[in-house]
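Trainee: Pick a single part of this model and give me a close look at it, please. After that, work outwards to the rest.

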Amino acid sequence: MAEFMTGLKRSCYCGEPRLSDAGKTLTLCGWVQRQRDLGQLIFIDLRDRSGIMQLAFDEDTDREVFKKAFACRSEFVLAATGVVRERTSKNAELPTGDVELAVSELRILSKSETPPFAIEENSKVSNETRLKYRYLDLRRPDMQRILTARHRIVKAAHEYFDDNGFLEIETPDLIKSTPEGARDYLVPSRIFHGKFFALPQSPQLYKQLLMVSGFDRYMQVARCFRDEDLRADRQPEFTQIDFEMSFVNQEDVMAIGEGFIKKAYKDLLNIEIPTPLRRMTWQEGMNRFGSDKPDLRFEMELHDVSDCVKNTEFKVFRGALAEGSVRGINLKGKANDLSRKEIDKLGEWIKSYGAKGLAWTRLAEKETSSYEKFLAPEEVQAIRTALDAEPGDVLFLVASDENSVVYASLGALRCELARRFDLIDKSNPSLLWITDFPMFEYSKEEGRWMAMHHPFTMPNPEDLDRLESDPGSVRSIAYDMVINGYEAGGGSIRIHDTELQQRMLEALGFKPEDAERRFGFLLNALKYGAPPHGGMAWGLERLVMVLLGIDDMRDTVAFPKVASSADLMSNAPDIVDDKQLNELKIAVTKE
């Protein structure tokens, strides 16, 4: 039968005692990491979130206490009282390795079945098992360090924004559905049959309304929800560190953003980030790195070789030049480390980014190429010169009549090769701003122009005369903060003029009645004196990922979802009672 804490009070955490505490009587609580029975001696490593402390039981220990220690197994929950003493056999790997607790009283507060995997650092277990038993996975020291770091980033945010005059204001979680981008999660109303709330994809409209309301500087650690396909760096529910400011321009917002990220790095990692951060336009990022979130910790830039083959007879390249381009990258010095079979696999892999194939030249001792035999000698040499080719290099080219395909393919290949050949300098973080994003991007699926960020972003005033006539050429006053190849945060200056906001919605294909139905409350608010305003937000989970160098966003969330958006631990989502459905006047088709 479990014992209780009656009459006991924990003195400190297990990872805190030091040699200076020798002679003190302490009460420690935690989980059994392991028990070692040496006959006349028993040692128990007691673990809590702070670390491990060794409990000692010997010939001087009360026999009933000794029996309890003998009965302990991994993950039993204990409370132990005793005197701190110096260890005879010290453990230099533990902060508490100089001392142990000579136990005089032991209580088994809870017993444990044998866990399905070892509760230890970097435990080798499948993700499915980890997520099914997430409450056990979270006991592991590496997981507890990650979630502690997450807490410290949020703490830094609250301190920083409070110091800079921002008010934390909560915005609602049950809102009107305004679909434009990712799908909403819908919540049926019991009172208004056939009508639905939506869970917020972001606090965007409400924080703009707070600027109209005169609060001037707002921040929030906001929960957000998006019903979209998941990736390693996405979850259906996530947290944003969100802020908005009035009477500002882009420079003001970016300065506040830089100040916060500087504090986050200092508080969490004791790294000084020099500011102002480097800046790069969206077009430069695409041309040089094939990405609007370039990782600058390694080289291998893209080069446009279209001019080198402008008169070519090779149909693959010639067919791309009318509306697209031929571009390439150079993997320096790896010709002998990349086999033909591996190159062929890369050619298949790159098709997932829209490319029809991958052209290559391998400058090993025996040169081989998939395309040079189709080109004139001067075209071959021009490409090699443009890509700074030397013996030992591997050249990769992609041709397409859509530049977006060329960018996406080579940008992804660049990053894949850097990972594969360990070309990334992880000693120094790479932070920069990407600016001057296109205002619109054309969606073939929708058959219309879509807002690259959102419909409330301010177009560049220099481009306003082309808003209706040439939307593809219009730039926005938007900015993303990129850290180590991830879009860690982003924002924009917002439209604060009703007429311009209506023009923007019309350019996106909204009829006046649709715009009024979906966004009427914002359009009306803008009529009552809206200040110029702007802001940005960081995805907290992604920020934890990039600061700690974690590959899987699920490790930054206490109770995450899998790729299908299901929770393996609680088996959510699940069916609900017919009574609940009847109250909501919802019928479900049974499969």
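Mentor: Let's take helix α1 (residues 63–71), where Val-65, Phe-66 and Ala-69 are the buried ones. These residues sit on the same side of α1, because the arc they cover around the axis is only 100°. That arc is taken from the directions of the C-beta atoms as seen from the helix axis. Buried here is under 20% relative accessible area, exposed is over 50%, and partly exposed is in between (1.4 Å probe, protein chains only).

Before going on, keep in mind that this is a predicted model: local features need pLDDT of at least 70, side-chain atom pairs count only at pLDDT 80 or more, and totals for chains, interfaces and linings use all residues. Numbering runs from 1 along each chain as its sequence is written, and side-chain values use heavy atoms, with hydrogens and water left out.

Back to α1. On its other side, Glu-64 and Lys-67 are exposed. The buried residues pack against four strands: β1 (25–37), β2 (42–48), β3 (51–57) and β5 (99–110). Contact means heavy atoms within 4.5 Å. Helices and strands are DSSP runs numbered from the N terminus (H or I, at least four residues, for helices; E, at least two, for strands).

Now put helix α7 (residues 282–289) beside that. Its buried residues are Trp-282, Gly-285, Met-286 and Phe-289. Their arc around the axis is only 105°, so they are on the same side of α7. Their packing partners are β11 (278–281), α11 (403–420) and β17 (431–435). Just after α7 comes Gly-290, with a positive phi of about 70°.

Next, the annotated positions. The unreviewed UniProt entry has a "binding site" annotation that includes Glu-487 and Arg-542; such annotations may be inferred rather than shown by experiment, feature names are shortened, and positions follow the numbering used here. Glu-487 is in strand β21 (residues 486–493), and it counts as partly exposed because its relative accessible area is 33%. Arg-542 belongs to helix α14 (residues 540–548) and is buried, at 16%. Those two touch: beyond neighbours within four places in sequence, Glu-487 is in contact with Lys-293, Asp-480, Met-481 and Arg-542.

Then there's a loop residue, Leu-464, between β19 (448–451) and β20 (478–483). Leu-464 is partly exposed, with a relative accessible area of 22%. Not counting residues up to four places away, it touches Pro-459, Leu-500 and Arg-503. From Leu-464 to Gly-485 is 21 residues in sequence and 31 Å in space, C-alpha to C-alpha.

What about empty space? The whole structure has 1 cavity of 30 Å³ or more, with a volume of about 30 Å³. A cavity is a set of points on a 1 Å grid where a 1.4 Å probe fits but cannot get out, and lining residues have an atom within 4 Å of a point. The lining is Asn-127, Arg-130, Leu-131, Arg-134, Asp-552, Arg-554 and Asp-555. By class that's 1 nonpolar, 1 polar and 5 charged, and helix α2 (residues 127–132) supplies the largest share, 3 residues.

Zooming right out, the chain has 15 helices and 22 strands, and buried residues make up 49% of its 591 residues. Its C-alpha atoms fill a box of roughly 90 × 70 × 55 Å along the principal axes. Among contacts between residues at least 6 apart in sequence, 68% join residues at least 24 apart.

Methods: On a 1 Å grid over the protein atoms alone, a cavity is a set of points where a 1.4 Å probe fits but cannot get out, and a pocket is an open set with protein on both sides within 12 Å along at least five of seven lines; lining residues have an atom within 4 Å of a point. Grid points are joined across faces, edges and corners, and a volume is the space filled by probe spheres set on the points. Ala, Val, Leu, Ile, Met, Phe, Trp, Tyr, Cys and Pro count as nonpolar, Asp, Glu, Lys and Arg as charged, and the others, Gly among them, as polar.
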